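Dear colleague,

I am passing on the structure below, and after it you will find my notes on what was found. Please read them with the coordinates open.

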Amino acid sequence: MNESPVAHDHQHAHDAESVEHDDDVYDFAAIQAKWQPVWEELAPFRTSDPADTRPRKYVLDMFPYPSGDLHMGHAEVYALGDVLARYWRHQGFNVLHPIGWDSFGLPAENAAIKRGIDPRGWTYDNIAQQKKSMKLYAASFDWDRELHTSDPEFYKWNQWLFLQMYKKGLAYRKDSWVNWDPVDQTVLANEQVLPDGTSDRSGAVVVKKKLTQWYFKITDYADRLLDDLNQLEGSWPAKVLNMQRNWIGRSIGADVDFAIEGREKPVSVFTTRPDTLYGATFMVVAPDADLAAELVAGSTPEIQERFQEYLVHVQKSTEMERQSTDREKTGVFLGRYAVNPVNGERLPIWAADYVLADYGHGAVMAVPAHDQRDLDFARAFDLPVRVVVDTNAPLTGTIPVITEGMLDGSEEIPPLEPLDPVATGTALAGEGRLINSGPLDGLSKNSAIKRMIELLEANGTGRASKNYRLRDWLISRQRYWGTPIPIIHAEDGTEVPVPEDQLPILLPSSEGLDLKPKGTSPLGGAADWVNVPSPIDGTPARRDADTMDTFVDSSWYFLRFLNPTDDTQAFDPKEADKWAPVDQYVGGVEHAILHLLYARFITKVLFDLGHVTFTEPFSALLNQGMVILDGAKMSKSKGNLVYFTEEVERHGVDAIRLTMAFAGPPEDDIDWADVSPVGSAKFLARAWRVARDVTSPPEVEWKTGDPALRRVTHRFLADAPSLVEAFKFNVVVARLMELVNATRKVIDSGAGAADAAVREAAEVTAMALNLFAPYTAEDMWQRLGYEPSVALALWRKPDQTLLVEESVTAVVQVDGKVRDRLDVSPKISAEDLEALARESRAAVRSIGDRQIVNVIVRAPRLVSIVTRA
RNA sequence: GCCCCCGUAGCCCAAUCGGCAGAGGCAGACGACUUAAAAUCGUCCAAGUCUGGGUUCGAAUCCCAGCGGGGGCACCA
């Protein structure tokens with residue numbers, strides 16, 4: 001990065017100052033060095049005093065993963081989270097604002113493998129570095145509650161949580177096709193596979209592999225996870241609610257049972273369009289589903305061979321290829337037939353990879369006339385297509401618009417769309433009226449869906465049903481640096497949960513273990529650790545060698561902050577009643593689905609188990625955008641990284657924090673090329689000089705001060721709280737700049753530095769600046785004659801009499817155009833204002849000889865006169 | 001393909017309920033201070049709100065269509 005001229009100059013000023021010890025010059029480095037130890041001693045952000053009677057607020061910033069030193073993303077989240085934590089303290093709340101380390105996970109293990117070191121050492125070294133940076137950055141954390149998810153004191157309770165879920169059937173093992181990362185040699189959750197089919201960690205193309213893995217049954221909670229989003233409306237960003245809704249992806253429809261010739265049990269399929277059942281012309285099953293293998297086994301050897309070839313072909317194709325939308329349809333006929341329950345028709349059964357094994361029942365009824373995918377398949381294999389919904393039929397009684405030209409024959413009446421999907425290649429997916437459908441004929445799509453479900457239910461061949469895009473949460477990881485799963489496998493294959501009094505199961509030392517990815521967990525190589533007697537009968541048994549996804553840690557860590565050292569329980573329900581749920585959560589939008597969905601799920605599980613009394617973990621959410629550079633995401637490979645340490649050294653902590661707050665709405669990305677830490681530093685110096693210049697004593701009567709400046713100060717006091725609560729931090733900063741400018745003006749060219757209003761303004765500036773620039777604010781506070789800490793000062797009440805403006809400008813509009821401006825009393829009546837406006841010479845002139853037909857008066861701001869010629 | 005968000009000075013961004021388009025900053029120009037420069041202080045500067053319709057006394061704001069940008073989901077039946 002280029003050396004900025006101002007930073008250079010500042011360096012200059014700093015050098016000069018260190019020689020002359022000139023404390024009349026703003027020097028961020030000196031101020032930081034001065035206050036950090038004072039705060040360390042004072043610990044103003046402790047929350048553990050049981051006698052504290054202030055109302056409580058829980059403000060939580062997403063905890064960092066210690067992969068190195070802090071980066072610019074951290075600088076943003078902890079700056080913005082701290083604005084809110086500090087704000088609520090000024091409002092008289094006892095604010096719980098804890099911090100910890102999300103310290104289990106793959107990067108530590110990969111770094112350890114690369115360098116031949118211990119993941120534990122690497123992790124805790126990084127934590128030490130981040131902690132040092134975090135303390136310099138002056139986020140107002142209660143350090144007494146610091147936690148590390150990689151400490152046994154923490155992960156013991158992951159194991160406890162797992163056991164509670166296991167008991168309830170919410171943790172289970174199944175053999176299934178999973179996402180496999182061939183580089184990291186581990187399975188991944190669906191949520192960790194990027195839209196392009198690559199791993200969000202290694203970037204490798206994810207492949208499918210059939211493995212027995214542990215799952216959390218999040219799908220049992222799909223409805224609640226979806227429906228409870230309504231409660232969060234207005235408190236969470238609409239974008240995140242929308243993303244979670246898309247991710248859960250509820251589809252409403254019906255299960256339909258099809259008898260299979262030569263098979264005892266029928267096969268169920270899920271459909272959102274049971275109304276089109278009369279249009280079903282074939283059935284398709286997923287080639288990798290057990291059902292396909294079973295059906296083809298009853299077929300001819302020739303068909304079996306073709307199917308095997310196809311299956312191999314399908315499994316070779318990568319996730320990325322499979323997901324490309326405009327692929328040619330492929331498939332094989334299985335030589336078997338299903339029977340349509342409504343009309344007894346024989347439907348040939350095909351296997352094709354456009355049907356997914358793990359959605360619905362892994363089989364679909366194909367209605368090519370009304371489903372694009374089925375139509376593409378039918379056209380590729382020349383299968384029959386039957387139209388059962390007339391999408392040209394008028395539904396609402398409205399008829400097509402006929403223009404005059406059509407009536408006199410000079411224009412042609414547009415013909416109706418032909419109902420021929422085979423010819424057009426486009427399925428008729430829209431609204432319409434049912435045809436060729438026996439008892440459904442004439443019904444609209446929606447009525448037909450209802451009617452068909454009733455018919456199926458009456459016949460016992462189907463029922464209303466729902467399906468979700470969401471899959472169960474795969475939590476097993478074949479890696480070392482994570483929470484061991486508290487299950488022991490007996491020789492006969494039974495799963496034995498580890499008794500709770502034997503927790504925690506400590507992670508063995510990595511010494512002597514081969515951490516290199518090899519497809520099975522490195523823990524399997526720790527013979528002493530893995531081989532244990534069965535807790536039931538003492539026979540030889542083996543520990544489960546997999547570790548848990550680290551998203552398990554972060555799904556409940558907000559509760560552990562309530563009593564992080566308690567070794568008798570995961571969290572104290574009494575403390576949870578006091579503090580939880582989190583009142584304000586702050587973090588990056590990249591966690592909109594993963595972490596936030598998991599935490600919501602686990603909270604509901606804990607509620608059902610009776611451990612908490614709430615069902616949503618985070619009452620309000622602020623999702624800040626990313627810090628980018630020149631329009632692009634920062635990354636090592638692109639070489640466009642901005643380094644936290646460099647920026648802080650160059651501009652100072654306060655300038656960086658202020659820049660984050662001032663850049664724009666917090667949800668927007670901050671392009672570091674568009675913002676000016678130099679400008680922020682200039683403003684801070686300017687604010688600081690105001691405090692330096694104040695000459696009146698603290699006892700001075702504010703009332704005696706310059707009324708114009710006092711009005712600016714009190715307007716700020718009145719407006720800033722709602723702005724902060726609406727997350728409009730950039731506007732608050734702008735308003736502070738305005739206040740400082742107004743104060744400077746009074747000092748230099750008005751009443752002067754001794755004016756009481758100058759002191760009042762300076763004190764308010766110091767207090768409000770504490771939200772964004774705590775070092776500068778504290779130094780100003782001291783210069784103004786107060787003891788630390790300004791962070792504990794209460795927000796002053798605005799003087800209502802100063803908020804009333806002496807006069808306002810009323811606008812006079814004539815036919816929508818502004819014609820005059822009048823200075824009027826803010827209390828002027830509508831009648832008086834209208835009279836003034838009618839007398840306005842400019843208004844009279846522009847009305848001319850036209851007639852006034854209407855006058856709208858919005859006292860005291862506006863009069864709108866409407867005329868007619 | 002489905003869903004969501006956003007287009008305001010050269011740039012980043014403001015504009016409670018539909019009521020004077022501008023709060024703040026960056027960049028730029030000029031001036032004061034200085035032997036000079038930096039810092040500092042001051043003054044100035046620009047858009048009529050992406051385009052086209054509509055509703056309204058009045059639209060950046062609401063509605064419709066389009067253009068441009070961004071995001072989520074996606075062979076999910």
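**Notes on the structure**

Asp815 lies in the loop between strand 29 and strand 30 (817–824), where helices (H or I, at least four residues) and strands (E, at least two) are DSSP runs numbered from the N terminus. Asp815 has a positive phi of about 50 degrees, although it is not a glycine, and at 36% relative accessibility it counts as partly exposed; here buried means under 20% relative accessible area, exposed over 50% and partly exposed in between, with a 1.4 Å probe and protein chains only.

This is a predicted model, in which local features need pLDDT of at least 70 and side-chain atom pairs count only at pLDDT 80 or more, while totals for chains, interfaces and linings use all residues. Residues are numbered from 1 along each chain as its sequence is written, chains are lettered from A and ligands numbered from 1 in the order in which they are written, and side-chain values use heavy atoms, with hydrogens and water left out.

Other backbone features deserve a look alongside Asp815. Most residues other than glycine have a negative phi, and most peptide bonds are trans. Ala43, in the loop between helix 2 (28–42) and strand 1 (56–61), has a positive phi near 40 degrees and is partly exposed, with a relative accessible area of 24%. A cis peptide bond with omega of about 0 degrees joins Leu503 and Pro504, and Pro504 is found in the loop between strand 20 (495–497) and helix 17 (527–530). The peptide bond from Ala859 to Pro860 is also cis, with omega near 0 degrees, and Pro860 sits in the loop between strand 31 and strand 32.

Turning to the interior, the largest nonpolar core has 91 residues, of which Tyr137, Met660, Trp672, Phe729 and Phe772 touch the most other members; such a core is a set of buried Ala, Val, Leu, Ile, Met, Phe, Trp, Tyr and Cys residues joined through side-chain atoms within 4.5 Å. Helix 3 (residues 72–90) gives the largest share of this core, 11 residues. Apart from it lies another core, of 90 residues, including Val498, Val530, Phe571 and Ile602. Helix 23 (residues 653–662) is mostly covered, with nine of its 10 residues buried, among them Asp654, Arg657 and Met660. Gly664, which follows helix 23, has a positive phi near 155 degrees.

What surrounds RNA strand B? There are 54 residues around the strand, and Ser251, Thr272, Arg373, Arg469 and Met737 come nearest, a residue being near if one of its heavy atoms lies within 4 Å. Sugar and phosphate account for 62% of the atoms of RNA strand B that come within 4 Å of the protein. The residues of this surface divide into 20 nonpolar, 14 polar and 20 charged, and helix 26 (729–749) provides the largest share of the surface, nine residues.

Individual side chains also approach the RNA. A polar side-chain atom of Lys728 lies 2.9 Å from a phosphate oxygen of RNA strand B, and one of Thr271 lies 3.2 Å from a sugar or linking oxygen. For Arg821, a side-chain N or O atom is 2.7 Å from a base oxygen of RNA strand B.

With best regards

Notes. A polar contact is a pair of N or O atoms within 3.5 Å; within protein, one must be able to donate a hydrogen and the other to accept it, and residues adjacent in sequence count only if both atoms are side-chain atoms. Ala, Val, Leu, Ile, Met, Phe, Trp, Tyr, Cys and Pro count as nonpolar, Asp, Glu, Lys and Arg as charged, and the others, Gly among them, as polar.
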